[in-house]
Amino acid sequence: MSAHELDHLAIAVPAWAPAGPVLNRELGARWGGGFTTEAFNPCQLAVVDDMRVELLEPSGSEHSFIQRFLDHHDGSAAPHHVTFKVADIRSAIAGAQKAGIEPILVNLEHPGWQEAFLHPRDTGLGFLAQLVQSTTLLDASAEQLPHSTGGCPWDEQNTDPVRVQLIHGVVEDLPLARTVLVDVLGARTFGIGPAPRGQSDVLGFRWNEGADLVLSQGTAIGLDAIGILPAETFWPPGDYPTDLTAQLGEGTGHPELGIRIAALRSATVPADS
């Protein structure tokens, strides 16, 4: 089994706004659509190459898993999962099982959005991984018919979209995370440089489409930063700077998102080269 795309980062937020306007201002992200369900309310915003950030808002129901997640984080916004697109969800599930990982929350009933999740306790990734075979842009299921919210619910500014080059996270066991990402999710790996103080290693992972994932080994487990570049710039693996994690650490924290956003430095090649 092989994922072909890191499709989007999903962030749990108390409310779409003010998180959405922050993404619009900092990333130039444009409203891609949203809807409400009994359990949660998702919306997505798109940047360069249709890379997306998803905001997950609690529905107000006592059964809202997003509200439980937020409560676990003291009511604050926090990254919830990363979504990987796969060509064959059943093959993806079988591949995970062969690696000793039993997918959870498997839903194959909706033809436009079939999904399964890999729990971080089984993968060592420090975040929930969603596997999706999809013909739609937003999460949907047969049991929860979406109610579209229509147009963008905030005043969207005409900020230039940027490229989300990478998502960074910290894991406790980088070799285990590498095995899962390569053997189960089909990533290609690349080295970056020396790790910062308190972390023993750092490694990059790439798919055919979407952002890269960069993981450092350490103790502050979880996704903590988004690295951005100008829209016309793209970093091949060999062009990653050795001080990458230091640059990410200099990014600006956004409590509306529960993650830092860092404008990355170092001139590289045009995206279409």
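Strands β11 and β12 pair in the antiparallel sense, over four bridges. Within that pairing, T189 stands opposite F205 of β12. The model is predicted.

**The seven-stranded sheet**

β11 and β12 belong to an open sheet of seven strands, in the order β11-β12-β14-β10-β15-β18-β17. Its pairing is mixed. The edges are β11 (188-191) and β17 (252-254). Each has a single partner strand, so one side of each is left without a neighbour in the sheet. On average, neighbouring strands are turned by 30° against each other, direction ignored.

Three of the pairings can be set side by side.

| Pair | Sense | Bridges | A bridge partner pair |
|---|---|---|---|
| β11 and β12 | antiparallel | four | T189 and F205 |
| β12 and β14 | antiparallel | five | D201 and Q217 |
| β10 and β15 | antiparallel | seven | V170 and G222 |

In the last of these pairs, β10 spans residues 163-171 and β15 spans residues 222-229. In β12, five of the six residues are buried, so the strand is largely enclosed by the rest of the structure.

**Helices on the sheet**

Helix α1 (residues 16-27) packs on the sheet. It touches β10, β15, β17 and β18 (259-263). The direction of α1 makes about 155° with that of β17.

Helix α5 (residues 174-184) lies across β10, β11, β12 (201-206) and β14 (212-217). It runs at about 5° to β12. Which residues of α5 are buried? They are L174, A177, V180, L181 and V184. Seen down the axis of α5, these fall within an arc of 145°, so they line one face of the helix. On the other side of α5, P175 and D183 are exposed. An α-helix has 3.6 residues a turn, so residues three or four places apart point the same way.

Helix α5 also has a part in covering another helix, α3 (residues 89-98). The buried residues of α3 are I89, A92, I93 and A96. They cover an arc of only 100° around the axis, which puts them on the same side of α3. The cover over them includes α5 along with β5 (78-86), β6 (104-107), β7 (113-118) and β8 (128-134).

**Nonpolar cores**

In soluble globular proteins, nonpolar side chains tend to be buried together. Here the largest nonpolar core holds 56 residues. Which of them touch the most other members? They are L27, L55, F84, L181 and L213. The core draws at least three residues from each of domain 1 (3-137) and domain 2 (162-263).

L55 gives a view of the surroundings of one such residue. Leaving aside neighbours within four places in sequence, L55 is in contact with I11, V13, W16, A19, G20, L23, N41, P42, C43, L45 and L257. Apart from the largest core lies another, of 13 residues. Among its members are A225, L229, Y240 and A262.

**The chain as a whole**

The chain has 273 residues, of which 51% count as buried. Its secondary structure comes to six helices and 19 strands. Among contacts between residues at least 6 apart in sequence, 67% join residues at least 24 apart.

Key:
Residues are numbered from 1 along each chain as its sequence is written. This is a predicted model: local features need pLDDT of at least 70, side-chain atom pairs count only at pLDDT 80 or more; totals for chains, interfaces and linings use all residues. Side-chain values use heavy atoms; hydrogens and water are left out. Two strands pair if DSSP finds at least two bridges between them. Helices (H or I, at least four residues) and strands (E, at least two) are DSSP runs, numbered from the N terminus. Axes are lines fitted to C-alpha atoms, for helices over the stretch in contact, and angles run from 0 to 180 degrees between N-to-C directions. Contact means heavy atoms within 4.5 Å. A nonpolar core is a set of buried Ala, Val, Leu, Ile, Met, Phe, Trp, Tyr and Cys residues joined through side-chain atoms within 4.5 Å. Buried means under 20% relative accessible area, exposed over 50%, partly exposed in between (1.4 Å probe, protein chains only). Domain bounds come from an automatic or database domain assignment. The arc is that of the directions from the helix axis to the C-beta atoms.
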